[in-house]
Amino acid sequence: MSAPDFYFVNNAVFRHIHDKYGRDALIRYWTGLGRDYYAKRAALWKDQGAAGIATDWKAYFLEEPQAVVDVTMEGAAAILHVKVCPAIKHLRDSGREIVPYFCEHCDHVCSAMAGVAGFSFARSGGMGSCEQRFEPLTVEGRLLSEKGGTSHARLP
Amino acid sequence: MLGCHDFCGYYDWTFHFIRREFGEAAVQSLWADAIGQDSQRHYIELGLREGLKGLFEAWRQTGEDEQCDWTFTLDAKSNVLRWDMRKCPSKGFLLAHDLNADEDYCDHCMGWESSMLGSLGLRMIRHEHNHSGQCWGEMTLAGTEPAELTLEADIRKDPRWQTGFVERFDRHIKLPVLGQPGGQSDWVAVLAGAMAGERLVILGRGPSVRDLPSAAQSGSRLLVTGSAYASGEQWWKSPDVVLVNSPVDDTLLAGISARYSQAGSEHRPLLAYAYLPSQPPVAFPNYGLPRPVPILPALIRANLYVHDPRGPFPTTGVFLALLGAAVSNAREVHIAGIDGYAHPSGVTYAHGVGPADATWQPEHSPEVDQSALARVGAHLGSRLCFLGSGPMRDRPESQP
């Protein structure tokens, strides 16, 4: 069962936590969701690597109404090409005022999950379409794709 | 991203996060303001335009779209809009995926609906839910007192209504728990009332129950397992709380029922049960038993238990220890008979009654029990006297 009106609830919950308890609380909420609620998904990512991440997201978006998302592999990275974000589309189509930080939930939820799995997460774009990259980290917390490059700290 | 197909799972987790971080009033505010007002704006606009009839049509359509197993009834004459839910898709998602993060997921419906209805000049006048996916409610115009509808679709006529534990609401207010003294509407308070005293004794079934000093018995409250109660074990007093085992089967329920029904009312214990979402629903009234009091709300509220979906869960004795730690204010808490099937004597059960090949079942694990007992030890500190043995003895801060 998929009920897109649940996106209204997410938008409202983000606004409520942000306005009532502040931005730090909202980030703590998103990070906790990724690290704790999605712990078992993140553990699978850790076991199965980038291919597992790609498979997991393909299956996830198939359940989301009106989502148009391509999932590809680029070397050791899994890339989500979100052409139509189902949440933003439904909120817009329904005339809802979208909180300006809505897309940041992906950054914090996915970074927390990726951190558990030994990956980094980066998003470019947003508010309807974006690209999301999951890249493996070395044990020192650097991107595998970088040779002596910048350190990417893992989330706590 | 946070999708909609697995929404109910993280919705439950969200309630727990808000409750843990900001308290009970904060979760009520989340339900009333964020859910009942902001997110439900479409229903508020519809209700303002078309009243109860508009809500009736919308929810009936939602039911068809989402294949909800429910009946909506509008009695236009008395202005009563009623639902009878046979299989709640929201709670059903949690049950199907073995999820139980918050202490009471079902309460959120009253939390947001009362707020939304208030904006429409309406109110919920009656509601009950059984935490197993069945519920009903009636809403009407504020300030009116129409009689309850009599319907063939009344969910209380459905055999599934006999499962779970029931909460009742009258005009948005949660009513006292049925059949319990003290007029408490909070399950944790009901358990605390049954366990109130200077000394608490928690007994598993292992041989170390024999090590319990007689001084511990004086003026104590006694908690035992359902299997010990059913097998006819005798103690120095009638138990105050009996925790029905998980898993439970017909034989065990029949045994508990036989002893419970034979006991005089003053010797009947408070029955408790974990209602783990992974376990099949049990219709306790069909065995002549009252619906047991749930223990997970107390354990979750005390931060002593995090439900592990599809993972092993504590044995019944360890659940009792967690319950005692979560609820009791006793000066001394004595725990004995939790030996992890590894008592030095080689004996498994103190009273020799139990399966001959008793060992760790797949739904349990020594690690889960040890970890839980460590939390019990940390929580109770110097109040704890732990008399268990084997691998269990190493973990709690015991003071025999």
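**Helix packing between and within chains A and B**

Helix 2 of chain A and helix 1 of chain B are oblique to each other, a class left for angles outside the roughly parallel (under 35 degrees), roughly antiparallel (over 145) and roughly perpendicular (65 to 115) ranges. Their axes come within 11 Å and cross at roughly 120 degrees; axes are lines fitted to C-alpha atoms, for helices over the stretch in contact, and angles run from 0 to 180 degrees between N-to-C directions. Helices are DSSP runs (H or I, at least four residues) numbered from the N terminus. The model is predicted: local features need pLDDT of at least 70, side-chain atom pairs count only at pLDDT 80 or more, and totals for chains, interfaces and linings use all residues. Residues are numbered from 1 along each chain as its sequence is written, and chains are lettered from A in the order in which they are written.

In this pair, A:Tyr29, A:Gly32, A:Leu33 and A:Tyr37 of helix 2 of chain A meet B:Tyr10, B:Trp13 and B:Phe17 of helix 1 of chain B. Six of these residues are nonpolar, one is polar and none is charged; Ala, Val, Leu, Ile, Met, Phe, Trp, Tyr, Cys and Pro count as nonpolar, Asp, Glu, Lys and Arg as charged, and the others, Gly among them, as polar.

Across the whole interface, 25 residues of chain A are in contact with 19 residues of chain B (C-beta atoms, placed from the backbone, within 7 Å). Helix 1 of chain A supplies the largest share of the chain A side, 10 residues. By class, that side has 17 nonpolar, five polar and three charged residues.

How values were computed:
Contact = placed C-beta atoms within 7 Å. Helix = DSSP H or I, 4+ residues; strand = E, 2+ residues; numbered from the N terminus.
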